[in-house]
Amino acid sequence: MLLLGIDIGTSSVKVSVVDAATQNTIASAQYPDQESPIKALHPGWAEQSPSMWWEQAHKALERCHAKGGYNSKDIAAIGIAYQMHGLVLVDKNQNVLRDSIIWCDSRAVEIGDKAFATIGEEHCLSHLLNSPGNFTASKLAWVKENEPEIYSKIDKIMLPGDYIAMKLTGEITTSVSALSEGVFFDFKTNGISKEIINYFGFDESLFPVINPVFSSHGSLQASVAEKLNLKAGIPVTYKSGDQPNNALSLNVLNPGEVAATAGTSGVIYGVNDQLVYDQQSRINTFAHVNYATEQKRLGVLLCINGTGSLYRWVKNTFGTGYSYNQMNAEAEKAPLGSEGLQVLPFGNGAERMLNNKQVGAHFQNIDLNLHTPAHIFRAVQEGIASSFRYGFDIMRGNGMNPTVIRAGKSNLFLSDLFTQTFVNATGVPVELYNNDGSVGAALGAGIGAGIFKSPAEAFSNIKAIKLVEPTTDQFEPVYQEWKALLEAKLR
């Protein structure tokens, strides 16, 4: 029995086919080979076309099928992971009304800040566990205020994964986890927030049917099944934002367990069983994939927008002709501290941990006679690791004190230097696993379909491939100098 996972990323779409019996990945593929474009019509804006995601999912699946090794008609369930917080709008005929305003778009910051002040900070934090900030609710309010002709045509709002499920099944559903990441969910009343609805003037009919994360979200339509070379009627049994899904893929489901990822954005994600929140909403709390009213499981999320996005920019700007592996190897040639070169990696929209300020990316202390591409590559990795440390200290201040962090060996964690620098910066060991979001989505589908009796069974064969522990490389002075630079920019 096979399981299909689809991961709708910002840079590409990846799919994996997993054998439910062994939890082994039979085949994986992604599309496109180069990073997907982000439309920035104005400074701070970021949009992508939902139809692009759908086309990429189709092409990635074609590539996966072409690798052979399985009968695609043996796939029994589908799971979907997706970039969080994006706003997708459709009319009554399920036609998309505008490009998706995605996670790193900053246009709605002021709208969210005003809602935070007007609804009341205490109410927002204790009921929503977050400021409305720059999340999906504020993005929808921006459309209502600035594009009323589009807003008037909306039948349903959804997140990127809901859109892909709709294209597969023809049905539109959501979940408590998805509503919470949009800051639409009230954790005290266990329903859609009346305060958010009333303040912004939204009609509750805009929201889809609410289903559990692990449940049927519709069945594959015959016409789509033929196009994708799959069996008609396969259920979509799992949908999750990419960070809760990354945690699931690392078997991070219980209080105190923590996951990290360093893709387009960088995230540390810890599980809690209390309704906790940061007083400044610099870190955010959402319903985890296994959240239930009677057994609360919440994901406490630190997000840094400018991680892999910065490394991609550096590759395109300074690393022409280098592969990422070659960049990583070059970075190891430069000494600790990059001989004074410092990098602030904040050039991809407003940063939540910096109180939604747009600080921008900065390269400081460039010496034209000294610094080489190796220094630049290392300084970028050290700057990203330092930004993780800065945010992780906020998490520690909110009671998150893990003894180990789990991460998939992918993206920046493919770099031994970055991994060790991350560990030395945070002071916490990292367990590395050979997995990714599409595999997590496939296993989530198996849980949702009842193929696995429990999440524990779904991950019974998954083992860490490496443990990276802190070393005495004196990173602390490097971090303190970096922190002083950041604080000077924040004044």
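This is a short exchange about the spaces, one helix pair and one annotated domain in a predicted model.

Reader: What makes the second largest pocket a pocket and not a cavity?

Author: A pocket is an open set of points, while a cavity is one where a 1.4 Å probe fits but cannot get out. The second largest pocket has a volume of about 360 Å³. Its lining has 19 residues, and S309, R312, G347, N348 and G349 are the closest to its centre.

Reader: Which elements supply at least two residues each of that lining?

Author: Helix 11 (308-317) and strand 18 (342-346) do. Helix 11 gives the largest share, four residues. By class, the lining of the second largest pocket has ten nonpolar, eight polar and one charged.

Reader: How many cavities of 30 Å³ or more are there?

Author: The count is four. The largest cavity holds about 100 Å³ of space, so it passes the 30 Å³ cut-off.

Reader: What lines the largest cavity?

Author: The lining has 13 residues, and I157, M158, L159, L179 and F184 lie nearest the centre. Strand 8 (156-158) and helix 7 (176-181) each supply at least two residues. The classes are nine nonpolar, three polar and one charged.

Reader: Why are two residues in the lining of the second largest cavity counted as charged?

Author: That cavity has a volume of about 80 Å³. Among the residues that line it are D105 and R352. Asp and Arg count as charged, so D105 and R352 fall in that class. The other residues of the lining are four nonpolar and five polar. H85 is one of the lining residues, and it counts as polar because His is not among the nonpolar or charged names.

Reader: How do you know that helix 13 and helix 14 meet?

Author: Contact means heavy atoms within 4.5 Å. In helix 13, the residues that meet helix 14 include R378, I384, F388 and F392. In helix 14, their partners include L417, F418 and F422. By class, this contact has eight nonpolar, three polar and four charged residues.

Reader: What describes how two packed helices sit?

Author: The angle between their axes and the distance between the axes. The axes of helix 13 (residues 373-397) and helix 14 (residues 416-426) come within 9 Å and cross at roughly 35°.

Reader: Why is this crossing called right-handed?

Author: The near helix is turned clockwise from the far one, so the crossing of helix 13 and helix 14 is right-handed.

Reader: Where is the annotated domain?

Author: The unreviewed UniProt entry places "domain: Carbohydrate kinase FGGY N-terminal" at residues 3-244. That span is 35% helix and 21% strand, and its end C-alpha atoms lie 19 Å apart.

Methods. Residues numbered from 1 in each chain as written. Predicted model: local features only at pLDDT ≥ 70, side-chain atom pairs only at ≥ 80, totals over all residues. Heavy atoms only, no water. 1 Å grid on protein atoms, 1.4 Å probe; cavity = no way out; pocket = protein on both sides within 12 Å on 5 of 7 lines; lining within 4 Å. Points joined across faces, edges and corners; volume = space filled by probe spheres on them. UniProt positions renumbered as here; feature names shortened; annotations may be inferred. Axes fitted to C-alpha atoms, helices over the stretch in contact; angles between N-to-C directions.
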